[in-house]
Amino acid sequence: MSIRKFRRGETTYTCACCKKLTRNTGGDERGCGLCLDCYTLGGIANHLTDNGVESMLEFYGDEARGILTRRPELIPTEPGIARALGLVS
Ligand SMILES: [Zn+2]
């Protein structure tokens, strides 16, 4: 059983990026103070920087599009991804 389940009172926090009150899902995003969406987008943005648009679209295109479709308010925080997906010009 995970020790995370016993951290009472530490289950929600405000995302440092989008200011949304979020919950620890047990991933690494809590250490960054980010919600899972911002954390995931940040990783994808790093991939985009390191590997270029083609690779980002191949590996993370659907995931990135899913997040930015669900949470369009995050588009301005990751303009490179949004541009690669054709969500902004
Ligand atoms: Zn966030």
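These are my notebook entries on a predicted model, working from the overall fold down to single residues.

**Entry 1: overall layout.** I started with the secondary structure and got 3 helices and 2 strands. Reading from the N terminus, I noted the order as β-β-α-α-α. Then I looked up burial: of the 89 residues in the protein, 25% are buried. I also checked how far contacts reach along the chain. Taking contacts between residues at least 6 apart in sequence, I found that 32% join residues at least 24 apart.

**Entry 2: the odd span of H2.** Helix H2 runs over 36–70, and its ends caught my eye. A straight helix of 35 residues, at 1.5 Å a residue, would span 51 Å, yet H2 covers only 13 Å between its end C-alpha atoms. Where does H2 bend? I found the bend at Gly-52, and it comes to about 130 degrees.

**Entry 3: what H2 buries.** I listed the buried residues of H2; among them are Asp-37, Tyr-39, Leu-48 and Ile-67. Cys-38, Leu-41, Ile-44, Met-56, Tyr-60, Ala-64 and Leu-68 are on that list too. What do the buried residues of H2 pack against? My lookup gave helix H1, at 29–32, and H3.

**Entry 4: the core.** Next I pulled up the largest nonpolar core, which has 17 residues. The members touching the most other members are Cys-38, Leu-41, Ile-44, Ala-64, Leu-68, Ile-81 and Leu-85. Two elements give two or more residues to this core, namely helix H2 and helix H3 (79–84). H2 gives the most, with 10 residues.

I picked Ile-44 for a closer look. Leaving out residues up to four places away in sequence, I have Ile-44 touching Met-56, Tyr-60, Ala-64 and Ile-81.

**Entry 5: Val-53.** Last, I went to Val-53, which is found in helix H2. Is Val-53 buried or partly exposed? I put it down as partly exposed because it has 14 C-beta neighbours inside 10 Å, and being buried takes 20 or more.

For the contacts of Val-53, again skipping residues up to four places away in sequence, I got Leu-48 and Ala-84. I also noted a distance to Leu-85: C-alpha to C-alpha, Val-53 and Leu-85 are 8.9 Å apart in space, with their positions 32 residues apart in sequence.

Note on methods. Residues numbered from 1 in each chain as written. Predicted model: local features only at pLDDT ≥ 70, side-chain atom pairs only at ≥ 80, totals over all residues. Core = buried A, V, L, I, M, F, W, Y, C linked by C-beta atoms within 7 Å. Buried ≥ 20, exposed ≤ 12 C-beta atoms within 10 Å, placed from the backbone. Helix = DSSP H or I, 4+ residues; strand = E, 2+ residues; numbered from the N terminus. Contact = placed C-beta atoms within 7 Å. Expected span 1.5 Å × (residues − 1). Bend = angle between axes of the 7 residues up to and from the residue.
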